Amino acid sequence: MADKATSYFYALLFLRHPDLRALFPVAMDAQRDRLFKALLTAARHAEDTAALTAYLSRLGRGHRKYGTLPEHYPAVGECLIAALSRYARDTWNEAAEAAWVRTYTTISQIMIDAAAEDEERSPAWWQAEIVRHELRTPDVAVVTVRPDQPYPFLAGQYTTLETPWWPRVWRHYSFSAAPRADGLLSFHVKAVPAGWVSGALVHRARPGDVLRLGPPAGSMIVDHSTDNGLLCLGGGTGIAPIKALVEDVAEHGRCRPVEVFYGARHAGDLYDIDTMLQLQRAHNWLSVRPVVSDGPTRGLSGELPAIVRQYGPWPAYDAYLSGPPGMIRSGVDTLVGIGIPSHRIRHDEIGGLMAAAPR
């Protein structure tokens, strides 16, 4: 039923407002239900005003890169109500419609206000030229870009990225280094099956190609007001923001203990281990432990969360997790189980719209 409602919503939107079709990618299979689900999720969280406002403000700022304008919101709301009334007939009545209209009005106004405020200080997107493309494995590349104007961000954050080969298809990538004096930005990209953007960035991109970047986002950042240690779990290309966090601690010059567990399926997948070990040699407060789940290794063998459980305890550590969704979920469960308070565990989004908030 949800798929039918989503399909009807977009069909109606593009039929009644054909000019809006240009804001969406040509292939809608990945994008098709994101807007619809975002609106429904926001409505379900209407009682949590603070979390809802923070989420919608980020969404409103982020939608500037799509070319979204204030006058587009009523069109979306009109088609949303029409789709809900058609596919929720058993529960739909005048009171339900009035409640949805009120909710959508609140949602759209928060997003519009956030976008207007952001417009006063930031561009909708940044042009960024690739200046270096380093293939680390057959399917992992480190891509370094030079933005066309200053790009302010914090170590541990991520951005959305669009390639010239797949217009209007945006994907999330974490910054793999703390802010640099030369203004360059780096990303670790793994080509995945049927991954349009990741495949293009790994196998097609070359120096001189120009990408577009959306605004920075994410709250997986270091709290420099405390001397707590950092317990970092990075799986696969999830090591990228962990490396940035280590550099951030080093730049602040406070000798806080940082424990990094760097996990991969096979030893050959630890594509950034040399860099991490160089950082370990440079800083006596840093410990890096490679963890391999399958096959021979000179490091630790097993699943990353299970290995972390064997070390510690970690009563005075803040935890940071980055990697595949399954690793993050099991990692959070493990860390909570060994006594780290949930509010001191930070991680990227796990598919869900509201899941990115630190717990």
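**Strands and rings: a short walk through the model**

Let me start with two strands: E1 and E2, the latter covering residues 140–147, run antiparallel to each other and are paired over eight bridges. Two strands count as paired if DSSP finds at least two bridges between them. Strands here are DSSP runs of E with at least two residues, helices are runs of H or I with at least four, and the numbering goes from the N terminus.

Before going on, a word on the source: this is a predicted model, where local features need pLDDT of at least 70 and side-chain atom pairs count only at pLDDT 80 or more, while totals for chains, interfaces and linings use all residues. Residues are numbered from 1 along each chain as its sequence is written, and side-chain values use heavy atoms, with hydrogens and water left out.

Back to E1. A hairpin of two residues connects E1 to E2. Within that pairing, Ile130 is opposite Val145 in E2. E1, residues 126–137, also pairs with E6, residues 210–213, again in the antiparallel sense, over four bridges. There, Trp126 has Leu213 of E6 opposite.

Trp126 brings us to the rings. It belongs to one aromatic cluster with Tyr151, Phe153, Phe175 and Phe187. The rule is this: rings of Phe, Tyr and Trp (its six-membered ring) pair if their centres lie within 6.5 Å, and planes under 30 degrees apart count as stacked, over 60 as edge-to-face, and the rest as tilted. The count by this rule is 15 aromatic pairs.

One of them is Tyr10 with Phe14, a tilted pair with 5.8 Å centre to centre and 40 degrees between the planes. Both residues are in helix H1, residues 2–16, and sit four residues apart, about one turn of the helix.

Which ring meets Tyr10 edge-to-face? That is Phe24, at 5.6 Å centre to centre and 85 degrees between the planes. This pair links distant parts of the chain, since Tyr10 is in helix H1 and Phe24 is in the loop between H1 and helix H2 (34–44), 14 residues apart.

Are these rings buried or exposed? Buried means under 20% relative accessible area, exposed means over 50%, and partly exposed lies in between, using a 1.4 Å probe and protein chains only. Tyr10 is buried at 3%, Phe24 is buried at 10%, and Phe14 is buried at 18%.

Last, charges over rings. The test is NZ of Lys or CZ of Arg within 6 Å of the ring centre and within 35 degrees of the ring normal. Arg212 lies over the face of Trp125, 4.0 Å from the ring centre. Lys65 has its charged end over the ring of Trp170, 5.3 Å from the centre.
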